[in-house]
Protein chains: 2
Amino acid sequence: CYTTECMLCDVLPAMRGGSTFTSCGVFFLQMGWGDLGAFGEPSKETPNLDQMASEGMLFLDFYAASPLCSPSRAALLTGRLPVRNGFYTTNAHARNAYTPQDIVGGIQDSEILLPELLKKAGYTNKIIGKWHLGHRPQFHPLKHGFDEWFGSPNCHFGPYDNRALPNIPVYRDWEMVGRYYEDFKIDLKTGEANLTQIYLQEALDFISKQQASQQPFFLYWAIDATHAPVYASKHFLGTSQRGRYGDAVREIDDSVGKILKHLQKLGISENTFVFFTSDNGAALISAPKQGGSNGPFLCGKQTTFEGGMREPAIAWWPGHIPAGGVSRQLGSVMDLFTTSLSLVGLQPPSDRQIDGIDLLPAILQGKLIDRPIFYYRGNEMMAVRVGLYKAHYWTWSNSWEEYSKGIDFCPGQNVSGVTTHLQEEHSTLPLLFHLGRDPGEKYPLSFVSDEYQGVMRQISAVVQQHKETIVPGVPQLNVCDKAVMNWSPPGCEKLGKCLKPPKSDPKKCFWPH
Amino acid sequence: CYTTECMLCDVLPAMRGGSTFTSCGVFFLQMGWGDLGAFGEPSKETPNLDQMASEGMLFLDFYAASPLCSPSRAALLTGRLPVRNGFYTTNAHARNAYTPQDIVGGIQDSEILLPELLKKAGYTNKIIGKWHLGHRPQFHPLKHGFDEWFGSPNCHFGPYDNRALPNIPVYRDWEMVGRYYEDFKIDLKTGEANLTQIYLQEALDFISKQQASQQPFFLYWAIDATHAPVYASKHFLGTSQRGRYGDAVREIDDSVGKILKHLQKLGISENTFVFFTSDNGAALISAPKQGGSNGPFLCGKQTTFEGGMREPAIAWWPGHIPAGGVSRQLGSVMDLFTTSLSLVGLQPPSDRQIDGIDLLPAILQGKLIDRPIFYYRGNEMMAVRVGLYKAHYWTWSNSWEEYSKGIDFCPGQNVSGVTTHLQEEHSTLPLLFHLGRDPGEKYPLSFVSDEYQGVMRQISAVVQQHKETIVPGVPQLNVCDKAVMNWSPPGCEKLGKCLKPPKSDPKKCFWPH
Ligand SMILES: [Ca+2]
Ligand SMILES: [Ca+2]
């Protein structure tokens, strides 16, 4: 499950001085750093995203909060690392975990989500696409600050028959309106599906409605079209040089362009802060037919190498953000929480640790804020970036057992002692890389060099300080139970789509990576 | 030896209709596809080249004629593959060869070089930087069409002492004016050298002189600052995120910007066709301290994988080339020969096979011309690209023996059966890749697929047709002799810089790769 995100945020009611209507949004999708023309994708098939970049600001050093989807999404909406907000597992050491439909856990009430705060400031909040923070009733997005929802609680995985196991439901607000592969067709053979078009129209309609009623809004556009099984609508199928994955990228690019043009046409683009980024690196395991590109970086999704967590990122806000800007600010999806609050004049909660920082000084004044980036698997800090340096305290691509089955998160790449198939601890002598000279993490610095000694002194202090702040949340991704699957979502009766759940049989979830 | 090139070409006296003065130039330098911000280099430190791209046209599928410098340079100036123009070796199978200072061969009189033809059309031709087509008297650039030269015949290698072996001379026109490391300082420890500044000034002066005299010109700016040992001037040292290599790239980027601005200031930019490209992929062997980036592509210089031969390329001609254009035309450095002739209204020679095509329809009218790209090592066709498909007839990164010594042209990369350390022939069943879905050449198509069968039928015909046209030139890179080194270049007497050559002892050159 990985997805590129688009956030639209109706901004600055405080700053707008009068009647101007403002809003904000995030596109949160699942594309790799190297999937955009602006980031060097060699087929250059993303003219709209490239134009968004040329009208806005490109972030070159922007990171997911996890190499996997659900934890990154929880982090975006809470501004907190997964180890704090509970989106991790302790079932085994250093494992990636997410929210398949047998997951028992989800987002806790005690977490404060961005839409909860924006709502108090008068915003209407909508999520379009994949929620992914738990699908049991208490985790429903409308119970966590969103006013509207059109989309699914989980990835658009099968089982494709809806008998032995339920297909994933699609919700409109409180109730399901159908299921993937049944009411929302995805042709696995041809790859044809109209979902991106449906989600696009939903976004355009919501924006129109909000503009008409002069109501500020927060739109979280989190479709998952580039997630395997990859689909595109008929108009885009077969149009890319990159195969079906490229077709899906082209359709998303086109949709982003249409949303931005819609904002411009309605005359609210100068009052709408838009951010585009991704929740994890491209899934190289799905390549070449359904996988994206992480450009020059090492490995992909599931790993804490750059390919797993460095993301494409674009901020767009005509009239405010200088066109064609490039920022080297180290950024994180968690910053979208704090930045959005700052945009509407709110403070982040003070009763808990918030990891996201306010990026506005970087975006509007070109400032560089000194801050580290942490790379986690589960509750293990695998690596940390400080300035241009990255220190790996643990390395692991995946186990020999998984690798021998053909599961490879680093296809064609092999850096001796770095892309390890055993979990290797380096805490006493971390592997240190200079990401400027060596963005591909191929050449660890010599342990005896002055550069190593000096930099590690600095990094060790940062890590120690960080670890002192960690109060782990209750891990939500430990327990799985077939009984909690989407057998009978609310609204299923009206549609005659209720299935009978099996008896509850909670077990430890198995997380192999 | 690898270098990025810049060609400036005073264009279209035929088209200019009257008194407007026109010119043409090539920047031919040594940078990798992924070394420019416009091509996804993550530090984005090439603002001038990126601006050149945004004002001109970016070529995404542009190729060197060889994975090594001298053959690519000979191909650029003759419009012909090295196997035709003699810039190859037959000493061993499928070897890369170039022109170190003990090489006996060089460019033959019988070859027709671009400046020879331009001269007849009234152009003044200047080469600034590395000639690399032989350093014995008969190979001097002023004997092959150039009117002026400032630069060196070979790479700026050592020996650095000029006693046991001569340091490389720097020529002004017919005579040497000094030697590298002696009169033209390169501090190997700090990396400081003013050479790029000197070559920049030389270009600016030449352009001013030509403009003042209203004489059309061809400028071939072929400096080699990013070649190891990498240098930069004091102002640029330590300014890059990428280390010394990045410092050199920043200085080159700055220089290109100054040359383009100079053309604009003189009011001749609309009459000057400029092309920027490179003679081979980035030398990953020099990474991380002195090596560049080939972005998402496989391996680097010396190999016939994409990283060895796919190059950054930008065409710039304000008022003629649409700004911000992107071309997917398969291009080659050899096309600069034919394209330059076309610009000035000349036909390419008809008495011999010319491999370069006229790119003007692609540049000015957005047309796509169907043509293959051939990847050679020595006189062996290793691979061919037709459309988005690339078929490898031979694979070889380098020998086990070299590899075991730490010579690695694919650091951190290893694609089983593709990056082979034995020369492996696949002529009966070539390895076939779809470069759109798989730009990194990681996933050969299944031999039994319909796609494979259909595509290979087409490619086989192209290869057969190509091989029928091959009339190999006399190989120039077979014989080496210490006696021919730059002991006593013309002009050495005046400087007191003549050295005594040893007795002639011609031997087969040894080409390990
Ligand atoms: Ca809450
Ligand atoms: Ca000749």
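In this predicted model, A:D109 is exposed, with a relative accessible area of 61%. Exposed means over 50% relative accessible area, buried under 20%, and partly exposed in between (1.4 Å probe, protein chains only). Local features need pLDDT of at least 70 and side-chain atom pairs count only at pLDDT 80 or more, whereas totals for chains, interfaces and linings use all residues; side-chain values use heavy atoms, without hydrogens and water. Residues are numbered from 1 along each chain as its sequence is written, with chains lettered from A and ligands numbered from 1 in the order in which they are written.

A:D109 gives an O donor to the calcium ion (ligand 1). The other donors are A:E111 (O) and A:E116, which is listed twice (OE and OE). Coordination distances run from 2.3 to 2.7 Å. Donors are N, O and S atoms within 2.8 Å of the metal, or 3.2 Å for Na, K and Ca; water is not among the atoms, so sites may look incomplete. The donor residues of ligand 1 follow the spacing D-x1-E-x4-E. In contrast to the exposed A:D109, A:E111 is buried at 6% relative accessibility.

Chain B holds the calcium ion (ligand 2) through B:D109 (O), B:E111 (O), B:E116 (OE) and B:E116 (OE), at 2.3 to 2.8 Å. The sequence spacing of these donor residues is D-x1-E-x4-E. B:D109 is exposed at 62% relative accessibility. B:E111 is buried, with a relative accessible area of 5%.

Chain B superposes on chain A by a rotation of 180 degrees, with 0.0 Å of shift along the axis and an RMSD of 0.0 Å. This is the relation of a two-fold axis. The C-alpha of B:G40 is the one in chain B nearest the axis, at 1.8 Å. Both copies use the same surface: 100% of the contact residues of chain B recur in chain A. The superposition is by least squares on the C-alpha atoms of residues with pLDDT of at least 70 in both copies. Contact means heavy atoms within 4.5 Å.

The UniProt record, an unreviewed entry, places the feature "active site" at A:C69 and A:H132. The two positions span 64 residues in sequence, yet their C-alpha atoms are not more than 7.9 Å apart, so they gather at one spot. UniProt positions follow the numbering used here, feature names are shortened, and annotations may be inferred rather than shown by experiment. A:C69 lies in helix α2 (residues 69-78) of chain A. A:H132 sits in the loop between β4 (124-129) and β5 (148-151) of chain A. A:C69 is buried at 0% relative accessibility, and A:H132 is also buried at 0%. Helices (H or I, at least four residues) and strands (E, at least two) are DSSP runs, numbered from the N terminus.

Further along chain A, 4 strands form an open antiparallel sheet in the order β13-β14-β15-β18. Its edge strands are β13 (373-377) and β18 (431-434), each paired on one side only. Twist from one strand to the next averages 20 degrees. Strands β14 (residues 380-386) and β15 (residues 389-392) of chain A pair in the antiparallel sense over 4 bridges. Pairing requires at least two DSSP bridges between two strands. A:A383 has A:H392 in β15(A) as its bridge partner. Helix α11 (residues 450-469) of chain A lies across β13, β14, β15 and β18 of chain A. This helix runs at about 125 degrees to β14(A). Axes are lines fitted to C-alpha atoms, for helices over the stretch in contact, and angles run from 0 to 180 degrees between N-to-C directions.
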